Structure formats: C-alpha cells, structure tokens
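This report describes selected features of a protein model. Please examine the sequence and the structure shown below before reading on.

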Amino acid sequence: MLEYVKLSSEVVLARGEGQPVVALESTLITHGLPNPLNAETALAMEAAVRAAGAVPATIAILGGRLCIGLSEEEIRHLAASQDVLKVSSHGLAYALATSRTAATTVSGTMYASRLAGIRYFATGGIGGVHRGAAITGDISTDLLELSRTQVAVVCAGAKSILDIGLTLEYLETAGVPILGYATREFPAFFTPTSGHPLEYIVQDAHEAARVFRAHRRLNLPTGVLIACPPPQSDIDQARLESATRQAVHEAGQAGITGGEVTPWLLARVADLTRGESLKANVALLKNNARIAAHIAIADATA
Ligand code: PSU
Ligand code: MN
C-alpha cells in the first residue's frame, strides 16, 4: 500500500479474514451535521454496519495520512475540530502532501475506497448539479468520480438543494447505472419521491450485489449508484422546499462559491427548518449504512 495510506487494525483484520468492509465518508461529520450530532451519527453508522455483520471504515485524512478506518476517539476528535479541510478527489494530494487534517467527500471517499480495495460505500446524499448551475457552473466532483471510479455508492439519492433532473441527466450521460433499491423512483433524500422514475430496480441486497458483480466482470469503469428511499419521516415537505429555495437564493446573494456552497446550504436549511431536517437525515444515514453492509455481505458470499 502507498506510504500515505493507513488501514485501521479492524480493517486489516477484516481483510485477512475475507470479511466485507463498508466505507463511510467524513465530510458529513465535519461539514454536514452539527456537533455533537455528527459524532453520534458517524458512530451509529459504524454500529449499523457492524450489526449487519460487516466492518466499517470511516475515511479521513489525519496528519497527512489517508486513514481507512478511524477509531471512536478519532471520530470524536474530528467531529469536534474546527477548520477541517473538505477534500474531494482534487484535494487528496494537497491534503496529504501538506500533512493536513481533512474530511473526504463522496468523490474523495470513492477514490480512497478504490485505492484500498473497498467495494461498497454508504453515505447520505451525493453532490450533484446545483440549482442555477447554468449560471454558476456548480457541478459536484462527485458526479465525475462516479463516472470513473468503480465503487458502489449507497445513498438516499440527492438533496433537493440540487437540480435533481440535471443531476440524473449527467449520470446518464456519464454511463453511471442507478439502481432503485426496492423503489421505482429516484429518492430525494428527505422524501422517497422525486418525480423521476428509475429504469433499473433491484428487490434486495442479493440482487444489488449481483448487478455490481456483473458490472465488475464486464470491467465497466464507472461507479454504481444504489438509491435507497429514506425511512418514513413526518417531515413537512412544503416547508422543506420553501426553506431550500430561500437558502439557495441567500447563498447566491451572499456570494458563496466553490466547496462552501453545499455545507452552507445544508446548515441554512437545518436552521430554517429549526433542525427538523436533521432527524430525518440521521435516520437515512443509518439505514444506508445497514443496507450497504447487507449488499457487501451478499456480494462476498455469492
Ligand atoms: N449532501 C448532503 N450532505 C452532505 C454532502 C452532500 O446531503 O454532507 C457532502 C458530501 O460529502 C458530498 C459533498 O460529497 O457534500 C458534496 O460537496 P460539493 O457539492 O462541494 O461537491
Ligand atoms: Mn460545487
């Protein structure tokens, strides 16, 4: 393994025993959720992976090392840290070469997972084409990484801070298969419905694993997106939509750009909904972690 990469002892052990590993990202800890909910959620995701019988590997850059698997202490420390760099695939080399502490986004975590030979990765929502991208040009590197890195990403679709239609068009052009996990519709993070139908539907973990195995056997270079509807929540959709519109408008007014856009919108929507969005967020993160573990196990035992 590269000099930059450090595997946790749990991950090393899992590899030796051929136990499936599920990668988890760290940007949702440092830039997606407030403290201390972020640490509790990250640990709950790890617990969900373990309860299903797989081994979690939360990925982050600590002291210039790409850590594949963090200890509870490292997660709590990261969760309480200020000024952590948010790195997508384009920031990995910089963060490592300059010995930074950094959280990896979906794209950064996908790349790291592939490097470490981890096939499945669970997150909340992927980045995508932002509303108003025709003017701002804001398209997440997550989409580019999905187009070129062969990792299965288990998510609840994309948040409505994004233009979901354009995000799906991008993925379609890029050749990224999207599997609806027991759903016929692309989920929109807080809600199982987005109005966008899916063509490829899998009924369970075994079917999802079979598709990703076939994808690998065919040597298709892209990732595969596995879209899971969020668990039921009583979140008020109309209120959420108006909060999202307001947040997107305010971000434009405030001149927020680049990597700050997504964290800014997430925090603003949480504020505007008085934290109502956070409960649903945590529930779907745990759900996705559990499902990713089930698929990884089905894949390993097929
Ligand atoms: N969407 C969410 N919560 C998140 C993110 C996205 O609902 O925490 C994070 C993920 O780490 C994702 C990143 O990879 O934001 C995308 O950032 P950007 O739009 O700057 O590429
Ligand atoms: Mn962006």
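In this predicted model, Thr-101 counts as partly exposed, because its relative accessibility is 33%, a value between the limits of 20% for buried and 50% for exposed. Thr-101 sits in the loop between helix 5 (92-97) and strand 6 (102-104). Leaving aside neighbours within four places in sequence, Thr-101 is in contact with Ile-61, Leu-62, Gly-63, Leu-78, Val-84 and Leu-85. Val-55 is 46 residues from Thr-101 along the chain, and the C-alpha atoms of Thr-101 and Val-55 are separated by 23 Å.

Two further residues may be considered in the same manner. Gly-195 belongs to the loop between strand 9 and strand 10 (200-202). With a relative accessibility of 59%, Gly-195 counts as exposed. The C-alpha atoms of Gly-195 and Glu-185 are separated by 6.9 Å, and these residues are 10 residues apart along the chain.

Is Thr-58 buried or exposed? Its relative accessibility is 1%, and Thr-58 therefore counts as buried. Thr-58 is part of strand 3 (residues 55-62). Not counting residues up to four places away in sequence, Thr-58 touches Leu-24, Glu-25, Ile-29, Glu-46, Cys-67, Ile-68, Gly-69, Leu-70 and Ile-75.

Glu-25, one of the residues touched by Thr-58, also belongs to the surroundings of ligand 1. There are 16 residues around ligand 1, of which Glu-25, Lys-86, Ser-140, Asp-142 and Thr-262 come nearest. The table lists polar contacts between side chains and oxygen atoms of ligand 1.

| Residue | Partner | Distance |
|---|---|---|
| Glu-25, polar side-chain atom | oxygen atom of ligand 1 | 2.8 Å |
| Lys-86, polar side-chain atom | oxygen atom of ligand 1 | 2.7 Å |
| Lys-159, side-chain N or O atom | oxygen atom of ligand 1 | 2.9 Å |

Taken alone, ligand 1 exposes 470 Å², and the protein buries 93% of that area.

The next topic is helix 9. Which residues of helix 9 are buried? In this helix, which spans residues 164-174, the buried residues are Ile-164, Thr-167, Leu-168 and Leu-171. These residues lie on the same side of helix 9, because they cover an arc of only 95° around the axis. The elements that cover them include helix 8 (141-148), strand 9 (178-181) and strand 11 (224-227). At the N-terminal end, helix 9 is capped by Asp-163, which has a side-chain oxygen 3.3 Å from the backbone nitrogen of Gly-165. After helix 9 comes Gly-175, which has a positive phi near 80°.

The final topic is the aromatic rings. A pair of aromatic rings is described by the distance of the centres and the angle of the planes. A search of the whole structure finds 2 aromatic pairs. Tyr-120 and Phe-212 form an edge-to-face pair, with 5.4 Å from centre to centre and 70° between the planes. Because Tyr-120 lies in strand 7 (residues 120-122) and Phe-212 in helix 10 (residues 205-217), this pair ties together parts that are 92 residues apart in sequence. Tyr-120 and Phe-212 are both buried.

Why is the pair of Phe-189 and Phe-190 edge-to-face? The planes of Phe-189 and Phe-190 stand at 85°, with the ring centres 4.9 Å apart, so the pair is edge-to-face; the limit for this class is an angle over 60 degrees. Phe-189 and Phe-190 are both buried as well.

Key
Residues are numbered from 1 along each chain as its sequence is written. Chains are lettered from A and ligands numbered from 1 in the order in which they are written. Side-chain values use heavy atoms; hydrogens and water are left out. Buried means under 20% relative accessible area, exposed over 50%, partly exposed in between (1.4 Å probe, protein chains only). Helices (H or I, at least four residues) and strands (E, at least two) are DSSP runs, numbered from the N terminus. The arc is that of the directions from the helix axis to the C-beta atoms. Contact means heavy atoms within 4.5 Å. A polar contact is a pair of N or O atoms within 3.5 Å; within protein, one must be able to donate a hydrogen and the other to accept it, and residues adjacent in sequence count only if both atoms are side-chain atoms. A residue is near a molecule or strand if one of its heavy atoms lies within 4 Å of it. Accessible areas come from the Shrake-Rupley method with a 1.4 Å probe; for residues, only the protein chains shown count as cover. Rings of Phe, Tyr and Trp (its six-membered ring) pair if their centres lie within 6.5 Å; planes under 30 degrees apart count as stacked, over 60 as edge-to-face and the rest as tilted.
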